[in-house]
Amino acid sequence: MNTQQVLLRDAMRRLNMTREVFADRIGTRRRALDTWLLPDDSSEFRAMPEMARRYVMEILERHAPEATEYTQSVHDDRIEAAPTGHHLLSVSQFNRDSLEHLFHVADVMQPIAHRRKVSRVLEGAVLANLFFEASTRTRISFGSAFCRLGGSVCDTTGFTFSSMAKGESLRDTAMVISGYADAIVVRHPEQGSVAEFASATNIPVINAGDGAGEHPSQALLDVYTIQREFSRLGKLVDGAHIALVGDLKYGRTVHSLIQLLALFRGMRFTLVAPPSLQMPRALVEAVAARGHEVVESDTLNSLAAADVVYATRIQKERSGGESIEGYGEEFRIDRALVERVCRAEVVLMHPLPRDGRPGANDLSTDLDRDPRLAIFRQTDNGIPVRMAIFAILMGVDAQVQRSMRDVRWQPPTMVRPDDALLNEQD
Ligand code: NCD
């Protein structure tokens, strides 16, 4: 993303305006604003006139003075690190400001994520990626994000090949790895284990999933995705109706996501699960106590008014042999269901992996060519968001913009055969 896009996105976020309202406010057409928001290598891209740029800064000055200072400092490369603390263990570490800051840094990372620019701000740093539980995208995207900032990655996967299989404690492992790495990403099947690990090290630790507990980086990329999808659709996250479907009891992604979305205003949540897989009471109560509307349901018919449908996989590995009653094909989200029940501009999301086997009651593959299916845009957003997490935790977030150089190799313009159909244009 170029500085023009970063400025405009920042301004809309800080003023909490949709594209429509913002275009109107700065006296331009929505169509012109759309062209200013495109990547600069797009044939439709237009540079914003200098006068418009000054006007945007002026409006920010008048209506959100702290935002101008912020936006100016962003462009002066003087931003303060967001107050997320030393480790990233839970989404409860975020407030609306630190969340917006992280999204801003993720926006700055987009040209690197899109392989148009390279950066070496983390040159010499080593990431230890410790995955004591199955993973594909989380492990690879954390590794890829670290490498794209110039760092190197050391991996370990599964208990079998780690010393934990010999009875080593989390504390001893943390003490040892602290001497080897400059950032540590940990996934572990037990809730609370990553916090226990983090208490034994001064190196930044990122929770990549602790049992049925939390998965904060996933929730960050999910909300970033919702914000980007909504920006295109002319909607704000404030006041949105989000439906979470599936295993809400053991799914850590939804535990983090609902808490992070609760930082926005006037949210409506529809939680669709069979009685045996409902969202933990404490989470429902905490979200309702913040003034949001929470409706629990056991039928997909209640997806009718949702702006986002976020489906999840049944976490069979966590139900400890409890039989999953009442999770039949009435929970399958397929094309027929979406056409029959959902809003025309619904955003369909899933943290993945989805169970794609025939007869699985998950997000169906018959939606794969539907542009409302945001799942691969969502996984792509994992890169800029995880780069932003590293940059903030390691104190280089203000240096990234200046550190960028043009890429010398030839990246593909479209990384997937269906990109022209499925990718948003900005
Ligand atoms: C999820 C996880 O591991 O919590 N996947 C992910 O990280 N994107 C969801 C799941 O396994 O169902």
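In this predicted model, the side chain of Arg187 places an N or O atom 3.0 Å from an oxygen atom of the ligand. A second arginine also takes part in the polar surroundings of the ligand: a polar side-chain atom of Arg313 is found 2.8 Å from a ligand oxygen atom. The backbone contributes as well, with a polar backbone atom of Pro351 lying 3.1 Å from a nitrogen atom of the ligand. The ligand taken alone would expose 320 Å², and the protein buries 94% of that area.

The space that the ligand takes up is the second largest pocket of the structure. Around the ligand stand Arg137, Thr138, Arg187, His215, Gln218, Arg252, Thr253, Arg313, Gln315, Pro351, Leu352 and Pro353. By character, this shell consists of three nonpolar, five polar and four charged residues. Two helices each provide at least two of the shell residues, namely helix 7, which spans 137-148, and helix 11, which spans 252-261.

Part of the ligand shell also carries a distinctive backbone feature. Leu352 and Pro353, both among the residues around the ligand, are connected by a cis peptide bond with an omega of about 5°. Pro353 itself belongs to the loop that runs between strand 10 (347-349) and helix 14 (375-393). Pro351, whose backbone makes the 3.1 Å approach to the ligand nitrogen described above, is likewise listed in the shell.

A further backbone feature concerns Asn16. Although Asn16 is not a glycine, its phi is positive, at about 55°. This residue is situated in the loop between helix 1 (3-15) and helix 2 (19-25).

Charged side chains were also examined across the whole structure, where the search yields 35 salt bridges. One of these pairs Glu100 with Arg96, whose side chains meet at an N to O distance of 3.2 Å. Both residues are in helix 6, which covers residues 96-113. Because Glu100 and Arg96 are four residues apart in that helix, about one helical turn separates them.

Methods:
Residues numbered from 1 in each chain as written. Predicted model: local features only at pLDDT ≥ 70, side-chain atom pairs only at ≥ 80, totals over all residues. Heavy atoms only, no water. Near = heavy atom within 4 Å. Polar contact = N/O pair within 3.5 Å; in protein donor to acceptor, adjacent residues only side chain to side chain. Areas by Shrake-Rupley, 256 points an atom, 1.4 Å probe, with all protein chains shown as cover. 1 Å grid on protein atoms, 1.4 Å probe; cavity = no way out; pocket = protein on both sides within 12 Å on 5 of 7 lines; lining within 4 Å. Sits in = over half its atoms within 2 Å of the grid points. Nonpolar A, V, L, I, M, F, W, Y, C, P; charged D, E, K, R; others polar. Salt bridge = Lys/Arg side-chain N within 4 Å of Asp/Glu carboxyl O.
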